[in-house]
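Please open the structure in your viewer and keep the sequence beside it. The stops below each say what to select and what is to be found there.

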Amino acid sequence: MDNQMMAKTFDVIVIGGGHAGIEAAWAASSVLPNGEIAFITMDPRNIGVMSCNPAIGGLGKGQIVREIDALGGIMARAIDATGIMFKMLNTSKGPAVWGPRAQADKDAYRDEVQRLIATRNNIKVIEATIDDLLVEEGKIKGVMLDEPVYANAVVLTTGTFMRGLMHTGDTQEKGGRVGEGTADGISTTLRGLGFELGRLKTGTPPRLSKKSIDWESLKVQLGDETPTPFSDFPQKDFPSLSQVDCRITATTSEMHEQIKANLDRAPMYNDQIDAESGPRYCPSIEDKVVRFAERTSHHVFLEPETVDGDSVYCNGISTSLPKDIQKLLIPMMQGCENAEILQYGYAVEYDIVRPHQIDATCMTKSVRGLFLAGQINGTSGYEEAAGQGLIAGLNAAKLISGVEPIRLGREQAYIGVMMDDIVTTTPREPYRMFTSR
């Protein structure tokens with residue numbers, strides 16, 4: 001790790017250690033094997049952390065992961081090495097709409113991504129927060145740390161950290177992810193450069209202690225008997241980790257009544273959050289009970305976050321409700337009568353750059369050499385972010401090499417569909433990929 005903040009020139013600078021930044025740094029280092037890539041992140045220990053659901057793939061998303069693999073990215077390799085439940089979705093329909101998905105051991109996934117990044121000698125990881133970009137005559141020149149760090153291509157992948165603000169009931173805390181900080185200055189810089197910003201919101205559910213759940217009383221959900229790897233170049237011992245099962249419980253009408261009675265305490269509904277919209281296709285439980293008022297229950301999938309750990313992800317009850325209400329609701333689900341909450345659910349609002357200001361190469365139209373990838377472009381999901389990151393890193397490297405950029409068309413790739421969608425139709429809610437697109 002390079003912690004010496006000296007004036008230096010890199011070929012490409014990548015900002016942000018999430019899934020977009022990872023693929024951007026990897027792609028740039030692949031195209032420029034003799035170049036130097038600066039990979040700048042607030043905390044290098046959190047490169048590859050799965051902020052929300054510890055899973056890769058799904059309908060439309062799994063296809064993006066396969067494309068990332070075909071283009072030389074690392075997401076497929078990382079999940080194949082760390083998956084703990086592999087399942088092909090939608091197999092009752094034709095193969096065109098099948099969607100590979102895998103639960104990950106989130107700690108092993110993070111470690112595997114960091115191990116892969118460390119194999120590239122031309123990627124220099126720098127621990128820092130970026131507030132200012134160096135721009136001259138409409139061209140990127142680098143970033144400002146303690147001293148200038150120069151490059152003719154910069155990839156910005158801020159995730160939910162750009163003026164990130166977390167909400168649990170009326171409690172607010174700055175940060176893009178629990179236990180971490182926020183990047184405030186970069187919003188001011190981007191506005192100063194003339195970019196139009198927006199604000200979106202997303203959320204995450206509580207995590208429960210598996211030891212406190214009546215696991216055996218719940219319906220089991222198994223992975224495929226013969227798992228299918230994501231990568232066309234799988235390791236010999238695939239799958240390498242022990243495989244786990246998930247369990248299924250459900251919300252109840254009693255829960256729904258309590259949620260409705262406390263909507264005034266939910267930031268998603270009481271105007272506490274200054275954001276346009278949340279994710280339509282991964283709605284909070286507050287959204288569900290309002291939008292589907294006729295429903296008396298919704299499935300909740302209890303998914304272990306690691307092979308040997310105690311934390312269980314409650315897929316289906318993302319929430320911004322206060323802690324006392326979450327404590328009241330969880331025991332109302334079968335099997336969770338005595339469940340211990342390890343981490344409460346919360347909502348997070350964050351700034352985006354409206355993506356009509358980039359083109360399909362991920363480069364901004366007004367600042368040559370500045371590329372944007374991931375949630376900064378209004379998308380949701382690890383896979384969507386990683387696909388953009390790969391395109392941005394690839395094209396950043398091509399730009400400084402004087403080579404024509406790559407643009408994937410709608411007829412060529414799911415990534416091409418996504419890029420066309422976001423640059424021609426500005427997202428007013430976090431964008432999610434589907435096979436139907």
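Begin with the sheet in this predicted model: select β1, β10, β9 and β8, four strands that form an open sheet in the order β1-β10-β9-β8, with mixed pairing. The edges are held by β1 (8-9) and β8, and because each of these has a single partner strand, one side of each is left without a neighbour in the sheet. Now keep β8 and β9 on screen, which run antiparallel and are joined by five bridges; to see one pairing in detail, select V135 and its bridge partner in β9, I140.

Between these two strands, select E137, which is found in the loop between β8 (132-136) and β9 (139-144). The phi of E137 is near 50 degrees, a positive value in a residue other than glycine, and E137 is exposed, with a relative accessible area of 83%.

Before going further, colour the chain by pLDDT, whose mean over the protein chain is 92, with 96% of the residues reaching 70 or more. Residues 1-5 are a stretch to treat with care, since pLDDT stays under 50 there, although the model has eleven contacts beyond four places in sequence for them. Where pLDDT is low, the predicted coordinates should not be read in detail.

Next, select helix α1, residues 19-31, which has 13 residues and reaches 19 Å from its first C-alpha to its last, close to the 18 Å expected at 1.5 Å a residue. How many of the residues of α1 are buried? Eleven of the 13 are, so the helix is largely enclosed by the rest of the structure. To follow the buried residues along the helix, select H19, A20, G21, I22, E23, A24, A25, W26, A27, A28 and S29.

Move on to helix α2, residues 61-70, which is mostly covered, with eight of its ten residues buried. These buried residues are K61, G62, Q63, I64, V65, E67, I68 and D69, and if you show the surroundings you will find them packing against α1, β4 (55-57), α3 (75-82), β6 (99-104), α9 and α10. Just after α2, select G72, which takes a positive phi of about 95 degrees.

The tour now turns to charged side chains. Side chains of opposite charge can pair when their charged atoms come close, and the structure holds 24 salt bridges. Start with K61, which forms a salt bridge with E384, the closest N and O atoms being 2.8 Å apart. Because K61 lies in α2 and E384 in helix α9 (residues 382-401), the pair ties together parts that are 323 residues apart in sequence. Are these two residues buried or exposed? Both K61 and E384 are buried.

For another pair, select E305 and R207, whose side chains meet in a salt bridge with an N to O distance of 3.4 Å. This pair links distant parts of the chain, 98 residues apart, with E305 in the loop between β18 (299-304) and β19 (311-315) and R207 in strand β15 (residues 207-209). As at the previous stop, where both residues are buried, E305 and R207 are both buried.

Then select R407 and D359, which form a salt bridge with the closest N and O atoms 3.6 Å apart. R407 lies in the loop between α9 and α10 (414-424), and D359 in the loop between β21 (346-353) and β22 (370-372), so the pair ties together parts that are 48 residues apart in sequence. R407 counts as partly exposed, at 48% relative accessibility.

Select next R163, R199, E349 and D351 together, which are linked in a network of salt bridges. Stay with R163, which lies in the loop between β11 (154-156) and β12 (165-168); the phi of R163 is near 55 degrees, a positive value in a residue other than glycine. At 31% relative accessibility, R163 counts as partly exposed.

For the last stop, select F238 and P239, and look at the peptide bond that joins them, which is cis, with omega about -15 degrees. P239 is found in the loop between β16 (219-221) and β17 (246-250).

Definitions and conventions: Residues numbered from 1 in each chain as written. Predicted model: local features only at pLDDT ≥ 70, side-chain atom pairs only at ≥ 80, totals over all residues. Heavy atoms only, no water. pLDDT = per-residue confidence, 0-100. Contact = heavy atoms within 4.5 Å. Expected span 1.5 Å × (residues − 1). Buried < 20%, exposed > 50% of the residue type's maximum accessible area, 1.4 Å probe, protein only. Salt bridge = Lys/Arg side-chain N within 4 Å of Asp/Glu carboxyl O. Pairing = 2+ DSSP bridges.
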